[in-house]
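Here is a short round of questions and answers for the bench. Keep the viewer open as you read.

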Amino acid sequence: METDPAEARNPYGLCTWQPASACNGCSLSDDLDCRFKWGDLGYFMATFMPVGIPGVIGMIRAGFGWYLLGWLGYALFFFTVWEARVLCSHCPYYAEAGAILHCHANHGTPKIWRYRPEPMSTAEKVQFLVGTAILLGFPFPFLILGGAFGMALIVAAGVVSFIWSLKRQLCSRCVNFSCPLNSVPEEIVDEYLRRNPVMREAWEKSGWVTG
Ligand code: SF4
Ligand code: SF4
């Protein structure tokens with residue numbers, strides 16, 4: 001018997017990966033970034049530029065250009081291995097079948113973990129925050145050692161702008177509800193869980209009470 005391609009793509013039956021036509025009439029589309037859109041990915045990339053561009057220029061000017069390879073290597077490790085395990089493996093976007101992640105932030109990274117429908121644990125949340133702080137803070141020691149204090153201030157402003165834009169536009173609409181930065185209201189979370197029984201069961205086993 002032939003497998004339906006839509007079902008094969010969506011082994012956990014999550015609505016985020018159902019055919020778009022099945023979303024007709026769902027009011028959550030106004031509240032959540034629950035389906036992949038290139039525009040959301042572009043917005044995420046743009047929010048990181050105020051950190052990335054002055055960070056790269058500043059490290060080169062400070063005489064630590066070769067250390068950018070360390071930043072790149074850490075970013076690849078973080079997005080593919082560490083963050084992917086503690087944060088992304090709990091995200092509905094990670095539940096799509098296939099070896100490559102399609103989502104509005106880490107799009108295109110290899111998926112090396114299995115999908116975990118339950119919420120993040122406290123240890124995972126702490127690891128995510130520590131790992132993110134290392135990623136965003138990486139250029140500062142080099143800028144300071146190289147005396148590039150002006151660039152350090154510009155990168156610091158970029159970090160503030162990145163977090164502010166993320167919180168304002170993405171975290172308030174993201175379907176990875178257990179992320180420590182997520183700010184989707186509980187009634188919206190409940191409505192999404194009611195549409196996704198695999199997640200709802202895992203969340204309720206972890207102590208969530210669906211209203
Ligand atoms: S919550 Fe699910 S069903 Fe509703 S619009 Fe989003 S992906 Fe579609
Ligand atoms: S949307 Fe965020 S949490 Fe979800 S898979 Fe992408 S990067 Fe990870």
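**Two ligands and a helix pair**

Q: How do the residues of the shell around ligand 1 divide into nonpolar, polar and charged?
A: This is a predicted model. Tyr and Cys count as nonpolar here. The shell around ligand 1 comes to six nonpolar, three polar and two charged.

Q: Which residues surround ligand 1, and what space does ligand 1 sit in?
A: The shell includes Cys15, Cys23, Cys26 and Cys34. Thr16, Gln18, Leu28, Ser29, Arg35, Tyr192 and Arg195 are also around ligand 1. As for the space, ligand 1 sits in the largest cavity.

Q: Which residues are around ligand 2, and what space does ligand 2 take?
A: Cys88, Cys91, Cys103 and His104 are among the residues around ligand 2. Leu87, Tyr93, Leu101, Ala105, Asn106 and Asn176 are there too. The space taken by ligand 2 is the largest pocket.

Q: How many residues of the shell around ligand 2 are charged?
A: Seven residues of this shell are nonpolar. Three are polar. The count of charged residues is no charged at all.

Q: Where is Asn176, is Asn176 buried or exposed, and what is its relative accessible area?
A: Asn176 lies in the loop between α6 (149-170) and α7. Buried means under 20% relative accessible area. Asn176 is therefore buried, with a value of 4%.

Q: Leaving aside neighbours within four places in sequence, which residues is Asn176 in contact with?
A: Asn176 is itself one of the residues around ligand 2. Leu87, Cys88 and Cys91 are around ligand 2 as well. Beyond its sequence neighbours, Asn176 is in contact with Leu87, Cys88, His90, Cys91, Pro92 and Asn182.

Q: Why are Met199, Ala202 and Trp203 on the same side of α8?
A: In helix α8 (residues 197-205), Met199, Ala202 and Trp203 are buried. They cover an arc of only 100° around the axis, which puts them on the same side of α8. An α-helix has 3.6 residues a turn, so residues three or four places apart point the same way. The value to keep is the arc of only 100°.

Q: Which residues are exposed on the other side of α8?
A: Met199, Ala202 and Trp203 are the buried residues of α8. On the other side, the exposed residues are Pro197 and Lys205.

Q: Which helix do the buried residues of α8 pack against?
A: Look at the partner helix, where Ile188, Val189, Asp190, Tyr192 and Leu193 are buried. Those residues pack against α8. In turn, the buried residues of α8 pack against α7 (186-195).

Q: Is Leu193 buried or exposed, and which residues is Leu193 in contact with, leaving aside neighbours within four places in sequence?
A: Leu193 lies in helix α7. With a relative accessible area of 0%, Leu193 is buried. Its contacts, sequence neighbours aside, are Met199, Arg200, Trp203, Trp208 and Thr210.

Q: How far apart in space are Leu193 and Cys15, C-alpha to C-alpha?
A: Leu193 and Cys15 are 178 residues apart in sequence. In space, C-alpha to C-alpha, the value is 9.9 Å.

Q: Which residue just after α8 takes a positive phi?
A: Helix α8 covers residues 197-205. Just after α8, a positive phi of about 110° belongs to Gly207.

Q: How many helices and strands does the protein chain have, and what percentage of its residues count as buried?
A: The secondary structure comes to eight helices and zero strands. The chain has 211 residues. Of these, the share that count as buried is 45%.

Terms used. Residues numbered from 1 in each chain as written. Chains lettered and ligands numbered in written order. Predicted model: local features only at pLDDT ≥ 70, side-chain atom pairs only at ≥ 80, totals over all residues. Heavy atoms only, no water. Buried < 20%, exposed > 50% of the residue type's maximum accessible area, 1.4 Å probe, protein only. Helix = DSSP H or I, 4+ residues; strand = E, 2+ residues; numbered from the N terminus. Arc of directions from axis to C-beta. Contact = heavy atoms within 4.5 Å. Near = heavy atom within 4 Å. 1 Å grid on protein atoms, 1.4 Å probe; cavity = no way out; pocket = protein on both sides within 12 Å on 5 of 7 lines; lining within 4 Å. Sits in = over half its atoms within 2 Å of the grid points.
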